[in-house]
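Reader: I've got a protein model open and I'm not sure how to read it. Could you walk me through it, one feature at a time?

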Amino acid sequence: LVYPFLIVVVYCPPKMDKNFITQFADVISSFLPKFDRVLILGDFNIHVCCPTKHLVSEFMHLVESFSLVLLTTGPTHKLGHTLDLVLSSSLPICNVEIIDACLSDHNAIIFDAPLSLKISSPRLLLPLHKLFDCQ
């Protein structure tokens, strides 16, 4: 059974585990065959803007080996590095922008992802006052 769409959010601490690349490869290989389209995004804390670094080279090889498309092409951190990534598989992402949201030392990444989602069963919608005490 193949599902239509998956979004994966990643956070890798600045002092990452030395096995991160291997672990990330294992995770990707476990879910990628099960989905038609995949979007992977988050703070990887890998300076992909520095291609001569061994970790970056290893990571980019992994991205290419899974036919992922890296859509983040500019600095996403106030120090000028590209740490926050948007990766896609079989998903046409367009209008990618990196903007200073003034909320963090990281910039926001906004983009368009044309999706047509079908709800297979009706969902119960409750007014907000039924979910929260809005008084």
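Author: We'll go through a strand, a helix, the cores, and then a few single residues. Keep in mind that this is a predicted model.

Reader: Okay, strands first. How do side chains sit on a strand?

Author: In a regular strand the side chains alternate between the two faces of the sheet. Try that on S4 (84–89). Asp84, Val86 and Ser88 point one way, while Leu85, Leu87 and Ser89 point the other way.

Reader: How many of the residues of S4 are buried?

Author: Six of its six, so the strand is mostly covered, taking buried as under 20% relative accessible area. That goes for the residues on both sides of S4.

Reader: Which strands pair with S4, and in what sense?

Author: S2 pairs with S4 in the antiparallel sense, over six bridges. One of the partnerships is Asp43 with Asp84. S3, residues 69–70, also runs antiparallel to S4, joined by two bridges. Look there for Leu70, which stands opposite Leu87.

Reader: Now helices. Where are the buried residues of H2?

Author: Start with the helix itself: H2 has twelve residues and reaches 16 Å from its first C-alpha to its last, close to the 16 Å expected at 1.5 Å a residue. Its buried residues are Val56, Phe59, Leu62 and Val63. Look down the axis of H2 and those residues fall within an arc of 125 degrees, so they line one face of the helix.

Reader: What do the buried residues of H2 pack against, and what does the face turned away carry?

Author: The buried residues pack against H1 and S4. The face turned away carries the exposed residues His54, His61 and Glu64.

Reader: Which residues touch the most other members of the largest nonpolar core?

Author: That core has 26 residues, and Phe24, Phe31, Ile40, Phe44, Ile46 and Phe59 are the ones touching the most other members. At least two residues each come from S1 (3–11), H1 (20–31), S2 (35–43), H2 (54–65) and S4. H1 gives the most, with six residues. To see the packing up close, pick Phe24: leaving aside neighbours within four places in sequence, Phe24 is in contact with Val10, Ile40, Phe44, Phe59 and Leu62. There's also a second, separate core of seven residues, including Leu39, Val86, Leu91 and Ile109.

Reader: What about backbone angles? Which residue has a positive phi although it is not a glycine?

Author: Here's the general idea: most residues other than glycine have a negative phi. Ser90 goes the other way, with a positive phi of about 60 degrees. You'll find Ser90 in the loop between S4 and S5, and it's exposed, with a relative accessible area of 56%. Asn95 also has a positive phi, about 55 degrees, but Asn95 is found in strand S5. Then there's Ser67, which follows H2 and has a positive phi near 55 degrees.

Reader: Last one: where is Asn107, and what does it touch?

Author: Asn107 is in the loop between S5 (94–99) and S6 (108–112). With a relative accessible area of 21%, Asn107 counts as partly exposed, because buried means under 20%. Not counting residues up to four places away in sequence, Asn107 touches Pro75, Thr76, His77, Ile98, Ile99 and Asp100. Zoom in on Pro75: the side chain of Asn107 reaches the backbone oxygen of Pro75 at 3.5 Å. You can also check the C-alpha atoms of Asn107 and Asp84, which are 23 residues apart along the chain and separated by 8.3 Å.

Conventions. Residues numbered from 1 in each chain as written. Predicted model: local features only at pLDDT ≥ 70, side-chain atom pairs only at ≥ 80, totals over all residues. Heavy atoms only, no water. Helix = DSSP H or I, 4+ residues; strand = E, 2+ residues; numbered from the N terminus. Buried < 20%, exposed > 50% of the residue type's maximum accessible area, 1.4 Å probe, protein only. Contact = heavy atoms within 4.5 Å. Polar contact = N/O pair within 3.5 Å; in protein donor to acceptor, adjacent residues only side chain to side chain. Core = buried A, V, L, I, M, F, W, Y, C linked by side-chain atoms within 4.5 Å. Expected span 1.5 Å × (residues − 1). Arc of directions from axis to C-beta. Pairing = 2+ DSSP bridges.
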